[in-house]
Amino acid sequence: SLMRGARLFFGGVEVLDNTSLHALGVASGACFQLIFDALSGLDVLTASEDGTAKLWNAATGECIRTLWGHRGVVSSVAFSPDRALLLTAAQDRTAKLWSASSGECLFSLKGHGDAVLAAAFSPDGALVLTGSADRTAKL
């Protein structure tokens, strides 16, 4: 269940505790990851099959910005510890760093030989770790 006072929306429809993804029109596998910014309680970041990541306002359910730039399914998303950066990983063999305030892609991390399945910031936000289907991790 959701945090007390928190509301979650999908496509303008409020998601209640008993709402199924099917009832919302979400195809199987359409959304790979949803990250809630527990520190601010204001934002939700999603990774999607359509090659985008989206930043949402948790209070209103409105999409704040869409991150375009991957050429494949986005499989992982993360907030930096200070919430200034967003991180995405995708099947196009890249991870990308984005400005949370503007949505601008600041840097593309390349070097994996297969899909990047996961990405995370170090606790201090200084480093990024990626994991790939090529069975490697890069720091």
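User: How many bridges join strand 11 and strand 12, and in which sense do they pair?

Analyst: Let's start with the pairing itself, keeping in mind that this is a predicted model. In general, strands of a sheet pair through backbone hydrogen bonds, either parallel or antiparallel. One of the bridge partnerships here puts Phe-121 opposite Val-128 of strand 12. Strand 12 covers residues 128–132, and its pairing with strand 11 is antiparallel, over 5 bridges.

User: Which strands are the edge strands of the sheet with the order 11-12-13?

Analyst: That sheet is open, has 3 strands and uses antiparallel pairing. An edge strand pairs on one side only. The two that fit are strand 11 (116–121) and strand 13 (137–138).

User: What is the strand order in the open sheet of 4 strands, and what is its average twist?

Analyst: The 4 strands of this open sheet follow the order 7-8-9-10, with antiparallel pairing. Strand 7 (74–79) and strand 10 (105–109) sit at the edges, each pairing on one side only. Going from one strand to the next, the twist averages 20°.

User: Which residue in strand 10 stands opposite Lys-96?

Analyst: We can look at strand 9, residues 95–99, which runs antiparallel to strand 10. The two strands are joined by 4 bridges. Opposite Lys-96, in strand 10, stands Ser-108.

User: How many helices and strands does the chain have?

Analyst: It helps to walk along the elements from the N terminus: β-β-α-β-β-β-β-β-β-β-β-β-β-β. The α in that series follows two β elements. The tally for the chain is 1 helix and 13 strands.

User: Is Arg-93 buried, partly exposed or exposed?

Analyst: Arg-93 is found in the loop between strand 8 (85–90) and strand 9. Its phi is near 75°, a positive value in a residue other than glycine. Exposed means over 50% relative accessible area and buried means under 20%. Because its relative accessible area is 45%, Arg-93 counts as partly exposed.

User: And Arg-135: buried or exposed?

Analyst: Arg-135 also has a positive phi, about 70°, although it is not a glycine. You can find Arg-135 in the loop between strand 12 and strand 13. With a relative accessible area of 81%, Arg-135 is exposed.

User: Which strand gives the most to the largest nonpolar core?

Analyst: In soluble globular proteins, nonpolar side chains tend to be buried together. The largest nonpolar core has 12 residues, among them Leu-45, Leu-55, Phe-79 and Trp-98. Strand 4 (43–48), strand 5 (53–57), strand 7 and strand 8 each supply at least two residues of this core. The one that gives the most, with 3 residues, is strand 7.

User: How many residues are in the second, separate core?

Analyst: Try locating Ala-78, Ala-89, Val-116 and Val-128 in the structure, as this core includes them. Val-128 is also the bridge partner of Phe-121. The number of residues in this second core is 9.

User: What percentage of the residues in the chain count as buried?

Analyst: Let's take the outside first: the accessible surface of the chain comes to about 8,000 Å², and 55% of that belongs to carbon and sulfur atoms. Among contacts with a separation of 6 or more, residues 24 or more positions apart account for 31%. Of the 139 residues in the chain, the share that counts as buried is 37%.

Notes: Residues numbered from 1 in each chain as written. Predicted model: local features only at pLDDT ≥ 70, side-chain atom pairs only at ≥ 80, totals over all residues. Heavy atoms only, no water. Pairing = 2+ DSSP bridges. Axes fitted to C-alpha atoms, helices over the stretch in contact; angles between N-to-C directions. Buried < 20%, exposed > 50% of the residue type's maximum accessible area, 1.4 Å probe, protein only. Contact = heavy atoms within 4.5 Å. Areas by Shrake-Rupley, 256 points an atom, 1.4 Å probe, with all protein chains shown as cover. Core = buried A, V, L, I, M, F, W, Y, C linked by side-chain atoms within 4.5 Å.
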